[in-house]
Amino acid sequence: MLRPFRQVDVFTETPYHGNPLAVVLDAAGLSTEEMARFANWTNLSETTFLLPPTTPEADYRVRIFTPSSELPFAGHPTLGSCHAWLETGGVPRDPRTVVQECGAGLVRIRDEGAWHAFAAPPLLRSGPVEEGLLAELAQALGIGRDEIVDAEWADNGPGWVALLLRDADAVLALKPGSVPADIGVVGLYPPGSPHAYEVRAFFPLGGSTTEDPVTGSLNASVAQWLLRTGRVTAPYTARQGTALGRTGQIHITSAGQDVWVGGPAVTCVTGHVDL
């Protein structure tokens, strides 16, 4: 069966400078095994499959797969799937807000004009990181334990541990070895810079360390952490992907208790897949 397909670049206005996402727009009838096989074949960090919602509050349902597993939530697949759904004629019940159903529940995505933004989901785990793990993470990153200024669990699904280094240059200088966990590393830029901070995301995959170009889930939880601790004030823009030659731009705003994580998306491939 031929199914509409998009490959979208997320957190960038320039094709091939953000984080790519494969989107199968009509996944009705596909089994979990068929979705997993296709996601493994695309070999992108995530592939999504859009389905009719199971609740009247949602506009559509999405299932999110890495090449090896299914995720309950992820940030750039949320924005990229919304972009593809709207581009192919999706009409939200509320013209100002798209409601996406995923494994983590309902996620609100609002129209910001030049981009869309999702409401950061609540953390599944927060608080201090065990000292033994911090020492292990520092060694994996090739830095001293004393170079980690602060750390917290920032897990909203994927399991992130967030580390704050002294500045953005320290983050960009990292040359990690084999990491034992999903690590988000952050360093602030000087006041008055175009970006508030630099982000890098590392995770173990197949016995080696992979760096994600631009990571929505990590940026959501990092923003919640840094706003709560007063290290940044919203609105602001964060940067990710620099070390990989990407130009990821993550726009953070807040309203009341909500933190919104946004960025542009552009379609790079349009067609159909035989699934």
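This tour moves through a predicted model, from its nonpolar cores to a series of salt bridges.

**The largest nonpolar core**

Begin by selecting Tyr60, Ile109, Phe118, Tyr197 and Tyr236. Within the largest nonpolar core, which has 46 residues, these five touch the most other members. Next, add helix 5, residues 216-228, to the selection; with six residues, this helix gives the most to the core.

Now centre the view on Phe118 and display its surroundings. Setting aside residues up to four places away in sequence, Phe118 touches Phe73, Gly75, Thr78 and Leu79. Its contacts also include Val107, Arg108 and Ile109, together with Gly216 and Ala220. Val259, Trp260 and Val261 complete the list of residues that Phe118 touches.

**A separate core**

Then select Leu134, Ile143, Val161 and Leu163. These residues are among the 22 of another core, which lies apart from the largest one.

**Salt bridges**

The structure holds 13 salt bridges, and several can be visited in turn. Start with Arg110 and Glu112, whose side chains meet in a salt bridge with an N to O distance of 2.6 Å. Arg110 counts as partly exposed because its relative accessibility is 23%. Glu112 is likewise partly exposed, at 29% relative accessibility.

Proceed to Arg145 and Glu131. Their side chains form a salt bridge at 2.7 Å, N to O. Arg145 sits in the loop between helix 3 (131-141) and strand 9 (150-153), whereas Glu131 belongs to helix 3, so the pair ties together parts that are 14 residues apart in sequence. Colouring by accessibility shows Arg145 as partly exposed, with a relative accessible area of 32%. Glu131 is also partly exposed, with a value of 46%.

Next select Arg166 and Glu147, where the side chains meet in a salt bridge of 3.9 Å, N to O. This pair links distant parts of the chain, 19 residues apart. Arg166 lies in the loop between strand 10 (161-164) and helix 4 (168-172), while Glu147 lies in the loop between helix 3 and strand 9. Is each partner of this bridge exposed or partly exposed? Arg166 is exposed, because its relative accessible area of 58% lies over the 50% cut-off. Glu147, by contrast, is partly exposed, with a relative accessible area of 34%.

To finish, add Asp167 to the selection: Glu147, Arg166 and Asp167 are linked in a network of salt bridges.

Key. Residues are numbered from 1 along each chain as its sequence is written. This is a predicted model: local features need pLDDT of at least 70, side-chain atom pairs count only at pLDDT 80 or more; totals for chains, interfaces and linings use all residues. Side-chain values use heavy atoms; hydrogens and water are left out. A nonpolar core is a set of buried Ala, Val, Leu, Ile, Met, Phe, Trp, Tyr and Cys residues joined through side-chain atoms within 4.5 Å. Buried means under 20% relative accessible area, exposed over 50%, partly exposed in between (1.4 Å probe, protein chains only). Helices (H or I, at least four residues) and strands (E, at least two) are DSSP runs, numbered from the N terminus. Contact means heavy atoms within 4.5 Å. A salt bridge is a side-chain nitrogen of Lys or Arg within 4 Å of a carboxyl oxygen of Asp or Glu.
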